[in-house]
Amino acid sequence: MKWMSKRFTFVVIPDANQTVQRYRVTGLILTLIPITIILLTICSILFIYLFSGKVAHLKDLSNQLASSEENYELLLTERDEIIGTLEADLFAVSVQAEQVRSKLTDISELELQLKEIAGIEDSTVRISSSSPTDKGGTGGEEIPLLSSTTNAKADHTLQNLTTMSLAMDDMKPSLEATIKGIKKYQYILEITPTIWPADSRKITSTFGVRRDPFSGRSSLHSGLDLGGDRGDPIYASANGVITLSENTYPQGNNIIIDHGRGIETRYLHLNKRLVEVGDKVTKGQLIGELGNTGRSTGPHLHYEVIVNGTQVDPRPYIKEDREDK
Ligand SMILES: [Zn+2]
């Protein structure tokens with residue numbers, strides 16, 4: 001401690017003819033100077049070490065950033081390619097959706113025609129052919145990923161598909177109802193006497209009041225007379241059951257078919273009867289031969305249509321040829 005308080009004098013001689021300068025310092029200061037120098041040196045080394053570490057880290061970060069930028073560019077390119085592919089796919093899908101929509105419209109139009117033919121009330125849901133509109137509001141923030149044209153196309157396609165999906169949901173029960181209606185129509189057609197009962201189209205006497213060929217007096221002719229040759233085929237004009245098959249006067253060999261729904265047909269003056277009571281016959285089936293039996297002036301078929309027990313004009317019932325039934 002004594003050394004610390006000791007004083008030391010340093011003499012500095014600048015030049016021979018200049019005054020000598022004296023510096024007086026204590027032992028404490030002489031001790032502190034080397035310690036300070038050592039501490040400063042350590043601090044400098046530490047600073048250089050740490051700083052060089054940071055520089056390396058910064059370099060790394062810079063490299064990473066450059067690499068990230070490169071990857072980002074690559075991702076952007078890939079994204080553009082994917083969007084391009086998606087846009088092409090979307091276009092193809094939208095074209096197909098339009099085609100399917102058009103076909104569905106055609107199908108529902110055909111169904112409508114079928115319903116009209118079969119006299120079924122139409123409840124088919126029509127597929128709208130209008131384009132999507134901007135009616136109604138929408139909300140929420142939108143981030144446009146695709147171009148506005150592509151977005152509009154995607155919306156249109158989605159709307160098309162939704163409409164078609166709904167229409168198809170309705171189509172099944174509608175088609176089932178149509179099939180049911182057509183089957184009923186088909187059944188009614190089968191039991192309605194719509195075909196010519198003979199090959200001959202030669203009408204020798206129409207239904208209505210006429211002069212009786214035997215008595216010469218005016219009387220109601222209750223059927224349609226078709227001229228022909230003895231033995232010509234006679235056909236059932238609709239599906240039904242034979243309720244009469246006999247030879248009586250003045251009808252001659254005659255057959256009655258019950259078609260249901262209050263409708264019967266009768267075939268008179270036959271040469272031969274080929275069916276028996278209780279037989280089920282189908283439209284166009286051969287049931288007898290044209291003849292001249294009973295009260296008849298020559299070979300012909302007297303054909304009657306009876307509705308609820310009353311003879312009516314058969315002509316409006318005959319809609320088609322046997323072959324076309
Ligand atoms: Zn007649």
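Start with strand 8 and strand 9: they pair in the antiparallel sense over seven bridges. Keep in mind that this is a predicted model.

**Stop 1: the hairpin of strands 8 and 9**

Select strand 8 (240-248) and strand 9 (252-260). They form a hairpin with three residues between them. For one rung, pick I242; its bridge partner in strand 9 is I257. Now select the loop between these strands, where P250 lies. Which form does the peptide bond from Y249 to P250 take, cis or trans? The bond is cis, with omega near 10 degrees. Color strand 9 by accessibility next. Strand 9 is mostly covered, with seven of its nine residues buried.

**Stop 2: from strand 9 into strand 10**

Add strand 10 (residues 263-270) to the selection. Strand 9 and strand 10 run antiparallel and are joined by six bridges. I255 has its bridge partner in strand 10, namely Y267. The hairpin of strand 9 and strand 10 has two residues between the strands. Zoom in on R261, which sits in the loop between them. R261 is not a glycine, yet its phi is positive, at about 55 degrees. Is R261 buried or exposed? Its relative accessibility is 53%, so R261 counts as exposed.

Move along to H269, which is in strand 10 itself. H269 also has a positive phi, of about 60 degrees, although it is not a glycine. Its surroundings can be read from the accessibility: at 6% relative accessibility, H269 counts as buried.

**Stop 3: the aromatic pairs**

Show the aromatic rings. How many aromatic pairs are there? The count comes to two. The rings of F47 and F51 have centres 6.1 Å apart and planes at 15 degrees, so this pair is stacked. F47 and F51 are four residues apart in helix 2 (residues 27-118), which separates them by about one helical turn. Both F47 and F51 are exposed.

Now select Y267 and Y303. Their ring centres lie 5.4 Å apart and their planes are at 45 degrees, so the pair is tilted. This pair links distant parts of the chain: Y267 belongs to strand 10 and Y303 to strand 14 (residues 300-307), 36 residues apart. Y267 and Y303 are both buried. Y267 is a residue you have already met, as the bridge partner of I255.

**Stop 4: the largest pocket**

Turn on a pocket surface. The largest pocket holds about 460 Å³ of space. Its lining has 24 residues, and those closest to the centre are R210, H221, H269, R295 and H302. Strand 3 (203-205), strand 5, strand 10 and strand 14 each give two or more residues to this lining. What is the make-up of the lining by class? There are six nonpolar, 12 polar and six charged residues. H269 returns here as one of the residues closest to the pocket centre, and H269 is buried.

**Stop 5: strands 4 and 5**

Follow H221 out of the pocket. Its bridge partner is G208. Strand 4 (residues 208-211) and strand 5 (residues 218-221) run antiparallel, joined by four bridges. The hairpin they make has six residues between the strands, and there G216 takes a positive phi near 80 degrees.

**Stop 6: a three-stranded sheet**

Select strands 7, 13 and 11. They make an open sheet in the order 7-13-11, with antiparallel pairing. Which strands are at the edges? The edge strands are strand 7 (233-235) and strand 11 (272-273), each pairing on one side only. Strand 11 meets strand 13 (residues 286-289) over two bridges, in the antiparallel sense. Pick R273 and look across to G288, its bridge partner in strand 13.

**Stop 7: E121 and the whole chain**

Find E121 in the loop between helix 2 and helix 3 (148-190). At 73% relative accessibility, E121 counts as exposed. Draw a distance from E121 to T178: the C-alpha atoms are separated by 9.2 Å, although the residues are 57 apart along the chain.

Finally, zoom out. The domain assignment gives domain 1 (2-80) and domain 2 (203-324). Color each and compare their positions. The C-alpha centres of domain 1 and domain 2 lie 132 Å apart.

Notes
Residues numbered from 1 in each chain as written. Predicted model: local features only at pLDDT ≥ 70, side-chain atom pairs only at ≥ 80, totals over all residues. Heavy atoms only, no water. Pairing = 2+ DSSP bridges. Phe/Tyr/Trp six-rings, centres within 6.5 Å; stacked < 30°, edge-to-face > 60°. Buried < 20%, exposed > 50% of the residue type's maximum accessible area, 1.4 Å probe, protein only. 1 Å grid on protein atoms, 1.4 Å probe; cavity = no way out; pocket = protein on both sides within 12 Å on 5 of 7 lines; lining within 4 Å. Points joined across faces, edges and corners; volume = space filled by probe spheres on them. Nonpolar A, V, L, I, M, F, W, Y, C, P; charged D, E, K, R; others polar. Domains from an automatic or database assignment.
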